[in-house]
Amino acid sequence: MAELSRRRLLTTGGALGAVGALATAAPAWSWSPLGSVVGSGAGTDPRWVWDDEADPVVAAVLDSGDVPAVNALLRTWKTNDQPLPAGLPADLRDLMEKARQLPAWVDRGKLATAVRFNQLRGTYLGVTYGFASGMMSTAIPHEARAVYYSAGGADMKDRISKTAKLGYDVGSPNAFQPGGQMVVTCVKTRLVHAAVRHLLPQSPHWEGVADERVPISQRDLMVTWHSLPTTVMKQLRRWRVPIAPAHAAAFLHSWQVTGHLLGIRDEYLPATWTEANAQAAQVLDPVLAPTEEGVALADFLLDLGAEVDGGTFTRPFLGAFTRYTLGDQIADWLQIPREPGWDQAIKVGWPAFIRMRELGTILPGAPQLYWTFDEFIRRGALFYLAEGHPISIELPTGNNPD
Ligand code: HEM
């Protein structure tokens, strides 16, 4: 497997540090909570808000040395309706019990419609989560650096398999229902983020690169949130994929609920696509920039298929598809080489594929057939990324030692 190490960072990065440092200066926050799912809020700049419920509780677990025991228990907690395992520290159990509740504003009808949208558009969603959201995350300086210097940076394939699990769970037919896993995945991820806030400031590498002492602010969370549903929806519109208004609203809702379960305050979660696009223009677009860490992470991602074919086919294909979805500027930032043959083939072939597929969906039984096919690919991808092991999101105990 390709290794992601400090040496690799130094050889791929070049002189990007200064550019990244300049670009991470975020503009002032002026988005109004009137546009949020709850229509009200204090309007505090989320740059200075983290997770005051989860952070102290998880920090105490880390400081007490209980992480291995807690992780052993977390491994057994899998489905939304499953009671929490006995034996968790009391304040952690109380936090998780509260954190697993769906918000009062949840609309189960919309979540059911989101399932239909996921079934109908599974292929495009899978492609955009990977090529638009996943690759874009490497051009978000705060995220790229946090991922690089945290424990997961030392085992990127494992890290990606866990993120892919969240992408898989949110699109599953029973995502937020009793037998589903999305609530569990989100609550565990919220705990991991709290752990990272406690651990990363202790990394000897962190002080030198970060322009924020404590990572993963609520603003950072919203930036990454926009790299997911907002970016995905923009791509689908750009590709002229027909989307019923009810489907678009339902897809947004599934991500509003996801944001809430990840510990994002309701006052920051946009109520509509208009509000989401306005907020993304304010928080996501201006911070996109290259960093040495992001270039190294992107390089690693492009190598993901190398175990299968030595990278001969997969690497240029993945690079060209990234260039096609994210555009020349981001692809150049990430130092993805131009692949004239592939670039042209994808530019012509992908829209043609979409047209054919859209024609196909009118055939009886085709949507179900597509879903089955997509599901096969998604499960296969997760199996490959996790190297056949069950995927378990667990608290880290340290940072990337490299
Ligand atoms: C961990 C998803 C925002 C940095 C994780 C994990 C998931 C996830 C599923 C668990 C994987 C693991 O344990 O390795 C998300 C989603 C986000 C989001 C859906 C927003 C909607 C952010 C942001 C940052 C960040 C904004 C940094 C600025 C990290 C780090 C880890 C992590 C450093 C731990 C990696 C490790 O050491 O294992 N995230 N994340 N995440 N996330 Fe996030």
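## A cavity, a ligand and a ring pair

Reader: What volume does the second largest cavity have?
Author: Bear in mind that this is a predicted model. The structure holds two cavities of 30 Å³ or more. For the second largest cavity, the volume comes out at about 30 Å³.

Reader: Which element gives the largest share of the lining of the second largest cavity?
Author: The lining residues are Pro 141, His 142, Arg 145, Trp 206, Val 209, Ala 210, Asp 211 and Glu 212. Two elements give two or more residues each, H8 and helix H11 (206–209). With three residues, the largest share comes from H8.

Reader: How many residues of that lining in the second largest cavity are charged?
Author: Among the residues lining this cavity are Arg 145, Asp 211 and Glu 212. Sorted by type, the lining of the second largest cavity has four nonpolar residues, one polar, and a charged group of three.

Reader: Now the ligand: which protein atom is the donor to its iron atom?
Author: A good place to look is among the closest residues of the shell, which include Ser 150, Gly 152 and His 193. His 193 is found in helix H10. The iron atom has a single donor from the protein, 2.2 Å away, and that donor is His 193 (NE2).

Reader: How far is a backbone N or O atom of Gly 152 from an oxygen atom of the ligand?
Author: Let's go through some polar contacts. The side chain of Arg 159 has an N or O atom 3.2 Å from a nitrogen atom of the ligand, and a polar side-chain atom of His 193 lies 3.0 Å from a ligand nitrogen. For the backbone of Gly 152 and a ligand oxygen, the distance is 2.7 Å.

Reader: How many residues in the shell around the ligand are nonpolar?
Author: In total, 22 residues surround the ligand. Helices H8, H9, H10 and H12 each give two or more of them. Split by type, the shell has four charged residues, seven polar ones, and a nonpolar group of 11.

Reader: Why is the pair of Phe 131 and Phe 321 called tilted?
Author: A search of the whole structure finds 18 aromatic pairs. In this one the ring centres of Phe 131 and Phe 321 are 4.6 Å apart, and planes under 30 degrees apart would count as stacked, over 60 as edge-to-face. The planes here stand at 35 degrees, so the pair is tilted.

Reader: How many residues apart are Phe 131 and Phe 321?
Author: This pair links distant parts of the chain. Phe 131 sits in helix H7 (residues 122–137) and Phe 321 in helix H17 (residues 314–326), and their separation is 190 residues.

Notes
Residues numbered from 1 in each chain as written. Predicted model: local features only at pLDDT ≥ 70, side-chain atom pairs only at ≥ 80, totals over all residues. Heavy atoms only, no water. Near = heavy atom within 4 Å. Polar contact = N/O pair within 3.5 Å; in protein donor to acceptor, adjacent residues only side chain to side chain. Helix = DSSP H or I, 4+ residues; strand = E, 2+ residues; numbered from the N terminus. Nonpolar A, V, L, I, M, F, W, Y, C, P; charged D, E, K, R; others polar. Donors = N, O, S within 2.8 Å, 3.2 Å for Na, K, Ca; no water. 1 Å grid on protein atoms, 1.4 Å probe; cavity = no way out; pocket = protein on both sides within 12 Å on 5 of 7 lines; lining within 4 Å. Points joined across faces, edges and corners; volume = space filled by probe spheres on them. Phe/Tyr/Trp six-rings, centres within 6.5 Å; stacked < 30°, edge-to-face > 60°.
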